[in-house]
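Me: Please take a close look at one part of this model, the metal site, and then at what surrounds it. I would like a connected account with the cut-offs spelled out.

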Amino acid sequence: MIGIIASVGVNGKNHRNDVLVVQTLLKAKAYPPGPIDGVCGDATIGAICKFQAGFMPYPDGLVEPGRPTWMRLCAVGGHAPVPARLLEWQGDSALWPAEKKLRSLHPRLRPKIVAVLAALKKRGFQPKIFYGWRSVAVQLQLFQRGNTKVKFSFHNAQKPDGTPLSYAADIVDSRFGWDAMAQSSGFWKALGEEAKKERLYWGGDWAGFRDWAHVQLVENSELGRIKKESGL
Ligand SMILES: [Zn+2]
């Protein structure tokens, strides 16, 4: 059983033997840490960050015993059918906790959604994200049920490594969902107003198919580019 005694990386204890173990594991997982010399330099920290980017929105460059980065680093099976970085993003994203839905958003969208939610709360509503990111598989189900007009949406955008990077969020009042009360209470209108204060595009403005709960970071004309960048 391999192990490390103390932390390795940014502001870590960086004991020589621990650094050697981390460097060896990084190399085995195809994240080159520079020379395997027991010295934690820029190349090793860079490799830790790259490795963390597969499952953390904000890599901190630090490996600590017993913590998630270490657990993933020493997990066996580099050729598992579902890569470790994608495991946590499996399943029905509508059921994720609010914090995880926020993490599934594009970093430029995230603070705007936080601001919209806070503003709506201030106005007496009980807003929540229904969907942040969702997989292409879920999108196809929604398409087949007639809940959406598109097979690829801004919700499906992802980084080239397959982890979420949603350009859109669906926001509802947790008391109303999509019921008539969402309209008569003024929730949809308020959502549109607060979204626009954050320079977001609101689905309630669209002619024809009004997508009341939907807000997105960029214009509809960007969809093709974002699909390409997602590798889809
Ligand atoms: Zn939407």
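Reply: What follows starts at the metal site and moves on to the pocket and the sheet.

The model is a predicted one, in which local features need pLDDT of at least 70 and side-chain atom pairs count only at pLDDT 80 or more, while totals for chains, interfaces and linings use all residues. Residues are numbered from 1 along each chain as its sequence is written, and side-chain values use heavy atoms, with hydrogens and water left out.

The zinc ion has His155 (NE2), Asp170 (OD) and His214 (ND1) as its protein donors, at 2.0 to 2.1 Å; donors are here N, O and S atoms within 2.8 Å of the metal (3.2 Å for Na, K and Ca), and since water is not among the atoms, sites may look incomplete. Along the sequence these donor residues follow the spacing H-x14-D-x43-H. His155 and Asp170, 15 residues apart, link distant parts of the chain, with His155 in the loop between helix 7 (136-144) and strand 4 (168-173) and Asp170 in strand 4. Helices (H or I, at least four residues) and strands (E, at least two) are DSSP runs, numbered from the N terminus. His155 counts as buried because its relative accessibility is 1%, and Asp170 is likewise buried, at 6%, where buried means under 20% relative accessible area, exposed over 50%, and partly exposed in between (1.4 Å probe, protein chains only).

The donor His214 is also one of the residues that lie nearest the centre of the largest pocket, together with Asn147, Thr148, Phe209 and Asp211, in a lining of 26 residues. A pocket is an open set of points on a 1 Å grid over the protein atoms alone, where a 1.4 Å probe fits, with protein on both sides within 12 Å along at least five of seven lines, and lining residues have an atom within 4 Å of a point. Strand 3 (127-131), helix 7 and strand 6 (214-216) each give at least two residues to this lining.

Strand 4, which holds Asp170, belongs to an open sheet of four strands in the order 3-4-6-5, with antiparallel pairing. Strand 3 and strand 5 (201-202) are at the edges with a single partner strand each, so one side of each has no neighbour in the sheet. Two strands pair if DSSP finds at least two bridges between them; strand 3 and strand 4 pair in the antiparallel sense over four bridges, and Ile129 has Ile171 in strand 4 as its bridge partner.
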